[in-house]
Amino acid sequence: MRPSAVRLLNILVPIKRAVDYAVKIRVNPEQTGIDLNVKHSMNPFDEIAVEEAVRIRERLKDAVKSIKVVTIGPPKSAETLRTALAMGADSAVHVEIPESAPAPEPLGVAKTLKALIERQKEGVDVVILGKQAIDDDAGQTGQMLAGLMGWSQATFASKVEVDPEQKVANITREIDGGLEELRCKFPVIITTDLRLNEPRYASLPNIMKAKKKPVEKLTAVELGVDLTPRLETIKVTEPPKRVGGGKVANVDELLAKLKEAGVTGKRA
Amino acid sequence: MFRAASWSLRATKYCPKRLVEPARMFSVSAIRTEGFRLNSLDTFTEEENMFRDSVKRFAVDVVGPKVREMDEKESMDPTIIQGLFEQGLMGIETSSEHGGAEASFVSAIIAIEELAKIDPSVSVMCDVHNTLVNTILRKFGTKEQQGKWLPLLSESKLGSFCLSEPASGSDAFALQTRAKKDGDHWVINGSKMWITNSYEAEIFLIFANVDPSKGYKGITCFIATKDMGVQIAKKEEKLGIRASSTCTLNFDDLRIPAENIIGGEGKGYKLAIEILNEGRIGIAAQMLGLAQGAFDKAVPYTYQRTQFGQPIGTFQGMQFQIAEAAVELETARLLTYNAARRKEEGRSFTKEAAMAKYWASQVAQHVSGSAIEWCGGVGFTRETGIEKFWRDSKIGAIYEGTSNIQLQTIAKFIQQEYSR
């Protein structure tokens, strides 16, 4: 390793094992949640996050010291970590929770990540995570973590450029009005949006290499974090079935029907 | 993993000759007794499962959109070949020293199956390259030959296995291609026919006879590159696996350096027999994937298409047919993966490989044919790709040992076992 004034970057990528995007979601009979006895895989936005971290390393080469992935989940989440290692991460941390424990909430996850970051002797410069998980669509973890740490944040990133010399990241965000460009000082939290990149497939040689990469196991207790849920889900139901529409003969009839339904506003 | 410590087993002749290293199966929980690991036949290591998911995604995302076009044009898209190399799918068992993934034989079988679920043409290309070409070099090549050829085969150059000729298919060792010594070179004359991958390949394993007076004991395996003068003649227009190139090759005073003999002079017969055994399991995997792919495409349709007020898949007649097909798929799967595991364990697997290949090709024909019928007119049109599986399946009973040859092999084993 060459000595340099620029500190080498440590990237942390939190990932989540979520219901696979292709699965047909069904509400469970008790109406307390969805049927979880289905295929799970890495949250697609987190895959994009892992891919971005690997691409940053491909661009900056030696300037990136480590890419660490972390997940908070039951024992089965280890598979998801292995996939991330096979995509190019260097090491992993598994904060293991019991199989029967409820899924951690975004605030709990953010607190756990905070505790983990504070534990890292070499510090963390960039945290990249998915903007939301496709099971709960909360979209809160990245923002909460930034708040807890007091770090800069850039969410819904569609382009990321990291400058280790200047210790900033230039990030293009997708917002309702279009695109916004931000320059964030390190340390920074970035959440990924769909158009940031297209994740690679884990090639077989990388899957075999992933076997040898270290996976550290921790518990929430060791990190001093309480993952007890603060929210109680009262009921989960499917959306009401769509009722058939009606055909209208012309625009006037359309306007009349819209007025009937009370959807038109009063003209000023 | 837990041991039944008090259970001791006497070594019988069915004891595996080589234990699978624990490191390769670190996350498979199994009942472990001395020298044995007892698992259900569809147990896979974590790597093998991850690999299956990875190949599946590649097949669906990258190969899937191009399948119809490649079939209609009878041509393999170069980006697919490149994609296979990039994914490490062309050096699955090769050591990492030579650019490979150093994975298990079963991993190769998994890759072949998953590719076949989407396109059996791409699957056979990967199969021939891995189980025939790579394996010959790994098993019979000298250190120098391995160092020279395996990296090329792992990274970018497609390989081809050239045994059959116009006048010798099942009777492979009646081949006519001749090799004459000329100083430190051999001069090869003759032609090969029905050679898979040949249109796109750059590396060719050519079987030629150096001394016809010795009969099959003169057959020798040579490795050649295209630029040495391998002529690609007629490209066959086929019923199925149309994207997989099948050509006639001509050798007209083709000069090959003597150091390009693999396995030694006159050893070609033994080499080919052994390698084709393994290749058989590969074809079984291809046919299995084909059958599964057809089934997976057709069955959901039967639960969507309604006639007489109910989904057609819920009529009892259809249910019975679908269930029978599922049973057949399971049998083909177990035969294939068990033969593959036996090979990994160092046990004899020739009979099991023959059974797997023979049976999987039959299942493929039957299930893909049923798949068309279940989908009615929609199954008959080329648009949905279901009929393609049926056309592709026919070759299963023909190449890498016809069904009759497989049955003969199996019968020989039975005769040996039962007539003592």
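In which helix of chain B is the place of A111(B)? The tour of this predicted model begins with that residue.

**Stop 1: helix 4 of chain B**

Select A111(B); its place is in helix 4 of chain B. Widen the selection to residues 105–118 to show the whole of helix 4, which has 14 residues. From its first C-alpha to its last, helix 4 of chain B reaches 21 Å, close to the 20 Å expected at 1.5 Å a residue. Of those 14 residues, 13 are buried, so helix 4 of chain B is largely enclosed by the rest of the structure.

A111(B) itself counts as buried, at 0% relative accessibility. Beyond residues up to four places away in sequence, A111(B) touches F51(B), V55(B), L89(B) and I92(B). For a sense of scale, display the C-alpha atoms of A111(B) and A174(B): they are separated by 33 Å, and the two residues are 63 residues apart along the chain.

**Stop 2: the interface of chains A and B**

Next, display both chains and select the residues at their interface. Here 21 residues of chain B are in contact with 14 residues of chain A. The two chains bury about 1,500 Å² between them, with 65% of that area on carbon and sulfur atoms.

Polar pairs can then be added to the view. Four residue pairs are in polar contact across the interface of chain B and chain A, both residues being at pLDDT 80 or more. The count of salt bridges between chain B and chain A is two. Select E47(A) and R57(B), whose side chains meet in a salt bridge with an N to O distance of 2.9 Å. On the side of chain B that touches chain A, helix 1 (residues 46–63) of chain B gives the most, with 10 residues.

**Stop 3: strand 7 of chain A and its partners**

Move to chain A and select residues 152–163, which form strand 7. Strand 7 of chain A pairs in the parallel sense with strand 10 (residues 188–192) of chain A, over four bridges. Within this pairing, I190(A) in strand 10 is the bridge partner of A154(A).

Strand 7 of chain A is also joined by six bridges to strand 8 (residues 168–175) of chain A, and these two strands run antiparallel. R173(A), in strand 8, is the bridge partner of A157(A). The two strands form a hairpin with four residues between them. Select K167(A) in the turn to find a positive phi of about 55 degrees.

Keep R173(A) selected and add E180(A). The two form a salt bridge whose closest N and O atoms are 2.7 Å apart. R173(A) is buried, with a relative accessible area of 14%, whereas E180(A) is partly exposed, at 29%.

**Stop 4: salt bridges within chain B**

Which residue forms a salt bridge with R391(B)? Select D71(B): the closest N and O atoms of this pair are 2.7 Å apart. The pair links distant parts of the chain, with R391(B) in helix 11 (residues 386–393) and D71(B) in helix 2 (residues 67–73) of chain B, 320 residues apart. R391(B) counts as buried at 13% relative accessibility, and D71(B) is buried with a relative accessible area of 4%.

Now select E202(B) and K157(B), which form a salt bridge with closest N and O atoms 3.2 Å apart. E202(B) lies in the loop between strand 6 and strand 7 of chain B, and K157(B) in the loop between helix 6 (143–155) and strand 4 (159–162) of chain B, so the pair ties together parts that are 45 residues apart in sequence. E202(B) is partly exposed, with a relative accessible area of 32%, and K157(B) is partly exposed at 24%. Elsewhere, R52(B), K56(B), E113(B), E114(B), K117(B) and R333(B) are joined into one network by salt bridges that share partners. Over all chains, the count comes to 49 salt bridges.

**Stop 5: N197(B)**

Select N197(B), found in the loop between strand 6 (185–196) and strand 7 (203–209) of chain B. Is N197(B) buried or exposed? N197(B) is buried, with a relative accessible area of 1%. A polar atom of the N197(B) side chain lies 3.4 Å from the backbone oxygen of M125(B). Leaving out residues up to four places away in sequence, the residues that N197(B) touches include V128(B), H129(B), L158(B) and S245(B).

**Stop 6: A353(B)**

Finally, select A353(B) in helix 9 (residues 350–374) of chain B. A353(B) is buried, with a relative accessible area of 0%. Aside from neighbours within four places in sequence, A353(B) is in contact with N277(B), R280(B), I281(B) and A339(B). Add Q406(B) to the view: A353(B) and Q406(B) are 8.9 Å apart, C-alpha to C-alpha, and 53 residues apart in sequence.

Methods. Residues are numbered from 1 along each chain as its sequence is written. Chains are lettered from A and ligands numbered from 1 in the order in which they are written. This is a predicted model: local features need pLDDT of at least 70, side-chain atom pairs count only at pLDDT 80 or more; totals for chains, interfaces and linings use all residues. Side-chain values use heavy atoms; hydrogens and water are left out. Buried means under 20% relative accessible area, exposed over 50%, partly exposed in between (1.4 Å probe, protein chains only). A polar contact is a pair of N or O atoms within 3.5 Å; within protein, one must be able to donate a hydrogen and the other to accept it, and residues adjacent in sequence count only if both atoms are side-chain atoms. Contact means heavy atoms within 4.5 Å. Two strands pair if DSSP finds at least two bridges between them. The expected span of a helix is 1.5 Å times one less than its number of residues. Buried area is the accessible area (1.4 Å probe) that two parts lose on being put together, summed over both. A salt bridge is a side-chain nitrogen of Lys or Arg within 4 Å of a carboxyl oxygen of Asp or Glu.
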